[in-house]
Every structure is written in structure tokens, then in C-alpha cells.
Amino acid sequence: MNDVGGGILIAPTDLKEVIYPWLKGAKEYDFTDIKEGLRLHLNESPYPPPDFVLEAVTRYLKAGNRYQHPDLSKRFRELAAEYNGVEPDEIFPTTGGDGAIRSVFYNFTQPGDVVLSNYPGYSMYSVYSSFRGLREERVNLREAGDWWQEDMDSLLSKADRSRLVVIDDPNNPTGSPMLQANEDKIKALAERVKGIVLLDEAYYEFSGYTASKLVSKYPNLVIVRTLSKAFSLASFRVGYLIADREIVKVLEKGSTPFDVPLPSLIAGITALERPSYAREIASEISGNREYLYRALKSVGLKVYKSVTNFLFFKYGGDLLSPLLKRGIAIRNPIKDFYRVTVGTKEQCDIFVKELGEIIEDSNTEQR
């Protein structure tokens, strides 16, 4: 121990002994954001939350000095259960869909376990895997015309040595359906895996299919949901898990009824009391998606069909930099492939116009 100044003894601390080895090389979520301009990179809804949600949240803000009563969490569970045709004790509220995914990674895996996912897939699976010191295995999706397909044989062959199988269904970034709530496929995975099958249904309101009712038949099946997309509540961070009662009980042991902040909880409750608006938004965006799909094809791009609120397209050149200079942000998840969020029709028109000019300029330079 060292003697410092007034005789206080401070023990020297070597952070190499404090920070676990796998944390030093852990990945982090990385993206380029813009404060102003056209945000088409985070799969947000282009429409604001409805007034009735905002009004309900505002009424509760004056109670922000108190912890929310557990009855609010109970109410959220009841509404989410009704929305999904399951039981309230099969619902676990979380801070957004990411909070739901994180709760499974952190509570049902240990360093050294194998986590199996698709490639390409949602980037946070790799982030959580590296932070937990997990061993990642991936199954490459297969390009099949206008869609991307699951390689079910490879998935099953690797599942039997995996602690966690996580599948975003529909897939992000391709927008393609994967298992599509097919019970035979889900049953096969649930029986093979050594732990949990996690289905990330973040885009359920757009795809229209769900495996939610199968959690009562396959106790190691867990489903992720979020109110960030069609419900237009991205910054409120409201999500939930649908899972077997025993899994929910375990997750409750490491949480409190106060984990989802009061404004978020009220927003989620109010939204689920009147979910028809989310269906209307999903329908509107789906129409805009088809409009954007045709527009992108008209400028000569290879565009893939989608059952989400984004489109995946192929282009062998840099689009991020020139688009950012024009105040537009999209994603480049893998080399030569881009993902663009579907906005309003006006936003779609702006994007296609700017993109077309960039591609034309690039073609001119190459001549």
C-alpha cells in the first residue's frame, strides 16, 4: 500500500485484474448519426407518437418523484398478453427490444458458451456475445432471387452444440422472413439446442406472423418484441419478452418493477390499450415500402423484397459518404449491400432523387 500526503493509505489497483479479458476486446454498437437531415438508418417510424399517448405520459410526469406502483407493470403485462394471445405471466417488460435481447444473453449464458445466429443479422447479437465472452457461430443466409433464405440444415447441425440460438425473424438487414412461425422448424431447433431459442420478432407488426403461442409448448422458446417500430415509441424504450412462466420468474429475480421508467411504461400501456394505430402505421409504411422498392429498381439497383419497414439493396460502391454530405443517413451492414429505412412518401422521393444523382455522377466519373 502507498502512503499518500496526509497518511492515507491507498492500495494500488491493476485494472488488468479487474477487467475480464474478454471485455477488453468486446465490440460496441457503432454507427454514424446525424442531428439534422433524413434519418433512414435506424429503422425508426417516420411518424410521431399519437397525441393520446403523449397526453397520457404528460399527465404522469408530475409523479416522477415517486417510484411507479407495481400495478402499472402488471397492467402492461395484461395488455401485452392480450395483444399476443398469451398469459400475463408469460410477459416480461423490458427497456426496448434491445433490453429484452440483453436480458437473455446476460441471464442464460456464461463465458465460453456458443451462441448461434444468422449472417447477416442484427449487429447487437455480436455486441452482447463479445461482452459476455461467448463463442459466436454463424449460418450464412442464402440469396434466393428477390429474397434471402434460412439454411435450415446448417442451423440444425450447429444448434446441438449451442447454448443460445438467436434468429431475427424477419431478418435484419435483409428484410426477409426466416422461420415464419413454422412449428416444425421451431420444434426441431428447440429440441436440438442446449439452452434457449430466441426469436427476435421486432418487426412483427409488418410481417404479420408470430410464434408467440408456441412458448406454452416449447419452454425454451423466447420471443422478443418492441414498441419502437410500428408503435412509434423508439426513444421511449419499451419492449417485452414472451416466454415460459419459469423463464419469466428467473428474469424477475434479477430485476425490479421499476426497471422500465415511468414515462416509458405509461407510453407502452396507453399504446397497447389502442393498438389499432400501430396497425395503421404499419400498413402505411408497408405501402411506402412498395413504392420505394419500385423507385429503387427504376434506377437500376438490385433490390430485395421485404416484410419489414426497411429495404436491402446491392451497390458496389460507396454511398454512405456522398449521402451524408447531402444530409441523408442509411446503413452499410455488409460490403456492397445497403439498408434503408422506409420513410414517408416525400422522404422516399428525396432519397431516390439524391441517390440517383450520386449513382449517375459515379457512372460519369467511371466513363
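## Report on the cores, strands and largest pocket of a predicted model

Of the 90 residues that make up the largest nonpolar core, Leu189, Leu296, Phe313 and Phe351 touch the most other members. Helix α12 (residues 276–298) contributes the largest share of this core, with 9 residues. Apart from this core lies another one, of 24 residues, which includes Val115, Tyr122, Tyr128 and Ile247. The structure described here is a predicted model.

Leu296 illustrates how a core residue is surrounded. Leaving aside residues up to four places away in sequence, Leu296 touches Leu301, Val303, Leu311, Phe313, Val340, Phe351, Val352 and Leu355.

### An open sheet and the helix packed on it

Four strands form an open sheet in the order β13-β14-β17-β16, and their pairing is antiparallel. Its edge strands are β13 (302–304) and β16 (331–334), each of which pairs on one side only. On average, neighbouring strands of this sheet are turned by 35° against each other, direction ignored. Strand β13 is joined to strand β14 (residues 310–314) by 3 bridges in the antiparallel sense. Within this pairing, Lys302 stands opposite Lys314 in β14.

Which strands of the sheet does helix α12 touch? Helix α12 packs on the sheet and touches β13, β14 and β17 (337–341). The direction of α12 makes about 15° with that of β14.

### Pairing elsewhere in the chain

The table lists further strand pairs, each with a pair of residues that face each other.

| Strands | Sense | Bridges | Residues opposite each other |
|---|---|---|---|
| β5 and β6 (residues 135–140) | parallel | 6 bridges | Val114 and Arg135 |
| β4 (residues 91–94) and β12 | antiparallel | 4 bridges | Pro93 and Tyr240 |
| β11 and β12 | antiparallel | 4 bridges | Thr226 and Gly239 |

Strand β12 (residues 239–242) thus appears with β4 and with β11. In a regular strand, side chains alternate between the two faces of the sheet. Are the two faces of β12 covered or open? Both are covered: Gly239 and Leu241 on one side are buried, as are Tyr240 and Ile242 on the other.

Strand β5 is also well shielded. Of its 6 residues, 5 are buried, so β5 is largely enclosed by the rest of the structure.

### The largest pocket

The largest pocket holds about 1100 Å³ of space. Its lining consists of 48 residues, and those nearest its centre are Tyr29, Tyr122, Ser123, Arg331 and Arg339. One of these, Tyr122, is also a member of the core of 24 residues.

Several helices and strands take part in the lining. At least two lining residues come from each of α5 (96–107), β5 (114–119), α6 (124–132), β11 (221–226), α13 (320–325) and β16. Strand β16 is thus both an edge strand of the open sheet and a contributor to the lining of the largest pocket.

### Three buried residues

Three individual residues show how parts of the chain that are separated in sequence come into contact.

Ser73 belongs to helix α4 (residues 70–84). Is Ser73 buried or exposed? Its relative accessibility is 12%, and because a residue under 20% is classed as buried, Ser73 counts as buried. Not counting residues up to four places away in sequence, Ser73 touches Pro93, Pro257 and Leu265. Pro93 is the residue that stands opposite Tyr240 in β12. Ser73 and Ile269 are 196 residues apart along the chain, and their C-alpha atoms are separated by 8.7 Å.

Val197 lies in strand β10 (residues 196–200). With a relative accessibility of 1%, Val197 counts as buried. With residues up to four places away in sequence set aside, Val197 touches Val165, Leu189, Ala190, Asn220, Leu221 and Val222. Leu189 is one of the residues that touch the most other members of the largest nonpolar core. Val197 and Leu40 are 157 residues apart in sequence, and 30 Å separate them in space, C-alpha to C-alpha.

Ser207 is located in helix α9 (residues 204–207). Its relative accessible area is 17%, so Ser207 is buried. Which residues does Ser207 touch, not counting those up to four places away in sequence? On that basis, Ser207 touches Pro170 and Val307.

Notes:
Residues are numbered from 1 along each chain as its sequence is written. This is a predicted model: local features need pLDDT of at least 70, side-chain atom pairs count only at pLDDT 80 or more; totals for chains, interfaces and linings use all residues. Side-chain values use heavy atoms; hydrogens and water are left out. A nonpolar core is a set of buried Ala, Val, Leu, Ile, Met, Phe, Trp, Tyr and Cys residues joined through side-chain atoms within 4.5 Å. Buried means under 20% relative accessible area, exposed over 50%, partly exposed in between (1.4 Å probe, protein chains only). Contact means heavy atoms within 4.5 Å. Two strands pair if DSSP finds at least two bridges between them. Axes are lines fitted to C-alpha atoms, for helices over the stretch in contact, and angles run from 0 to 180 degrees between N-to-C directions. On a 1 Å grid over the protein atoms alone, a cavity is a set of points where a 1.4 Å probe fits but cannot get out, and a pocket is an open set with protein on both sides within 12 Å along at least five of seven lines; lining residues have an atom within 4 Å of a point. Grid points are joined across faces, edges and corners, and a volume is the space filled by probe spheres set on the points.
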